[in-house]
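Please consider the sequence and structure shown below. The paragraphs that follow begin with a single residue and then widen to the chain as a whole.

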Amino acid sequence: MIVLFLGKKGVGKTAAERKLIYRRLVERPKSLVFWNDPACQIRGGTLFTSIAQARATFRAAGAPRLSIFRGVDVNELALLAREVHDVTLVLDEMDRACKGKTWTAPEVRHLVHEGRHE
């Protein structure tokens, strides 16, 4: 399932995302969430500032249920989500997260166009 929130600044898009994601974490004990949060709006979870740091943690201790990513390349995060499988990927503040047109990068496009079938 792909959900897109659109709206003006301050109307509650991130708040709605948070409610949906936290509800998913409560209702599905084995669910994993990767949240790209360039605006530093999310609290809780495990913070990663690089994909290499996340991979090392995942190898050592497994993926935390809520992984917060700041300052990472969205394409690399999409690749990591595909590797982990069965993860909810939240790309908040896409205009801040993607420089130029990186949201059209191959892995992000794959997740958007074909990921819903996996």
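**From one residue to the whole chain**

Leu91 has a relative accessible area of 24% and is therefore partly exposed, since the partly exposed class lies between 20% and 50%. The model in which this residue is seen is a predicted one. Leu91 belongs to strand S4. Beyond residues up to four places away in sequence, Leu91 touches Asn36, Val74 and Leu77. Of these partners, Val74 stands 17 residues from Leu91 in sequence, while the C-alpha atoms of the two are 8.1 Å apart.

The wider setting is the order of the elements. The protein chain contains five helices and four strands, and from the N terminus these follow one another as α-β-β-α-β-α-β-α-α. Of the 118 residues in the protein chain, 32% are buried. Contacts between residues distant in sequence are also a feature of the chain: among those joining residues at least 6 apart, 62% link residues at least 24 apart.

How much confidence does the predictor place in the protein chain and its elements? The mean pLDDT of the protein chain is 80, with 75% of its residues at 70 or more. Among the elements, H2 has the highest mean value, 95, and helix H4 (residues 94-97) the lowest, 58. Where pLDDT is low, the predicted coordinates should not be read in detail.

Helix H1 comes next. Its 15 residues, 13-27, should span 21 Å at 1.5 Å a residue, and the C-alpha atoms at its ends are indeed 21 Å apart, so the expectation and the model agree. Which residues of H1 are buried? They are Thr14, Glu17, Ile21 and Leu25. Viewed down the axis of H1, these buried residues fall within an arc of 65 degrees and therefore line one face of the helix. The general geometry of an α-helix helps here: with 3.6 residues a turn, residues three or four places apart point the same way. Strands S1 (32-36), S3 (66-69) and S4 (87-91) are among the elements that cover the buried residues of H1. On the face turned away from the buried side, H1 carries the exposed residues Lys19, Arg23, Val26 and Glu27.

The interior can be followed through its nonpolar cores. The largest nonpolar core comprises 12 residues, including Leu32, Phe34, Phe48, Ile51, Phe58, Phe69 and Leu80. Two or more residues of this core come from each of S1, helix H2 (51-61) and helix H3 (74-84). Apart from this core lies another, of eight residues, to which Ile21, Ile42, Leu66 and Ile68 belong, among others. Returning to the largest core, its member Ile51 is in contact with Phe69, Val72, Glu76, Leu77 and Leu80, when neighbours within four places in sequence are left aside.

Helix H3 has Val74, Asn75, Leu77, Ala78, Leu80 and Ala81 as its buried residues. At the start of H3, a side-chain oxygen of Asp73 comes to within 3.1 Å of the backbone nitrogen of Asn75. Just after H3, His85 adopts a positive phi of about 70 degrees, although His85 is not a glycine. His85 is placed in the loop between H3 and S4, and its relative accessibility of 46% makes it partly exposed. Asp86 lies in the loop between H3 and S4 and, although not a glycine, has a positive phi of about 45 degrees. At 69% relative accessibility, Asp86 counts as exposed.

Notes. Residues are numbered from 1 along each chain as its sequence is written. Side-chain values use heavy atoms; hydrogens and water are left out. The expected span of a helix is 1.5 Å times one less than its number of residues. Buried means under 20% relative accessible area, exposed over 50%, partly exposed in between (1.4 Å probe, protein chains only). The arc is that of the directions from the helix axis to the C-beta atoms. Contact means heavy atoms within 4.5 Å. A nonpolar core is a set of buried Ala, Val, Leu, Ile, Met, Phe, Trp, Tyr and Cys residues joined through side-chain atoms within 4.5 Å. pLDDT is the predictor's confidence in each residue, from 0 to 100. A polar contact is a pair of N or O atoms within 3.5 Å; within protein, one must be able to donate a hydrogen and the other to accept it, and residues adjacent in sequence count only if both atoms are side-chain atoms.
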